[in-house]
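Visitor: I would like a close look at one part of this protein, the place where its strands come together, and I would be glad if you took it slowly.

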Amino acid sequence: MSDQETPFWERKRLHELTLEEWESLCDGCGRCCLHKLEDMDTGELAYTRVACRLLDCESCQCTDYPNRNKHVPDCISLTPEGAAQFRWLPSTCAYRRLAEGKTLDWWHPLVSGSTETVHQAGVSVRGLAVTEKLVRPTDLDAFIIDPEIADPDIE
C-alpha cells in the first residue's frame, strides 16, 4: 500500500491533521456529551445517561456544534494538543485510540463508510441517553450507568 493509500489517521500524527481530518475523527457516538460525576476523593469518573441539552439523543449529534460553547460554556473542545488528557474519553473514542497509538475500529464511519455502524455496533448513546432538559442537576447520581455500559470496550 502506498503512502497515499494509507488512511490519514494511520500516516499522520494528531498534530499534523487538518481541521477537517480532525473533525472527521469524531465517530458520532455521543459518549463525550454524557454528564460525568467525579469522586472528589479518588478522582474516579462515573458516567450518567444524562446528555447535554444540545445532543440529539437519536442521531447522537450536537444540534448546534459551531455555537456549542456559546450555549454550553463548559463544553470541552478536543484538540490534538490536549491528547494526553483524553483518558476521560471512552476507550472506543477515535481521539483517545489514536492518542494511545491504536487504530480505528471496524464500525468507525471513516472505516465502514457509514454513520450508522457506530449505532449498529452498540457504541453510541442512542437508546441510552436522556436529555438534561428532563433531569434536575441534583438527580444526576440516580442516572449513573455501569462502567461496561459507559465504555463498551473497557479493558
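Visitor: In which sense, parallel or antiparallel, do S2 and strand S5 pair, and over how many bridges?

Guide: The model is predicted, with residues numbered from 1 along each chain as its sequence is written, and hydrogens and water are left out of the side-chain values, which use heavy atoms. Local features need pLDDT of at least 70 and side-chain atom pairs count only at pLDDT 80 or more, while totals for chains, interfaces and linings use all residues.

S2 and strand S5, which is residues 130-131, pair in the parallel sense, and two bridges hold this pairing (DSSP must find at least two bridges for strands to pair). Across this pairing, Val50 stands opposite Val130 in S5. Strands are DSSP runs of E with at least two residues, helices are runs of H or I with at least four, and both are numbered from the N terminus.

S2 also has another partner, for strand S1, residues 34-38, is joined to S2, residues 45-51, by four bridges, and these two strands run antiparallel. Look, for instance, at Lys36, whose bridge partner in S2 is Tyr47. S1 and S2 together form a hairpin, with six residues between the two strands, and in the turn you will find Gly43, which has a positive phi of about 80°. S2 is therefore worth following with your eye in both directions, since in a regular strand the side chains alternate between the two faces of the sheet.

From S1 we can move on to the largest pocket (an open set of 1 Å grid points where a 1.4 Å probe fits, with protein on both sides within 12 Å along at least five of seven lines, lined by residues with an atom within 4 Å of a point). S1 gives five residues to the lining of this pocket, which is the largest share. The elements that give two or more residues to the lining are H2, S1, strand S4 (61-62) and helix H6 (117-120). In total the largest pocket is lined by 47 residues, and those that lie nearest its centre are Cys32, Cys33, Arg68, Cys75 and Ile76.

Please pause at Arg68, because its charged end also sits over the ring of Tyr65, 3.9 Å from the ring centre (the cut-offs are CZ of Arg or NZ of Lys within 6 Å of the centre and within 35 degrees of the ring normal). Arg68 thus belongs both to the residues nearest the pocket centre and to this contact with Tyr65.
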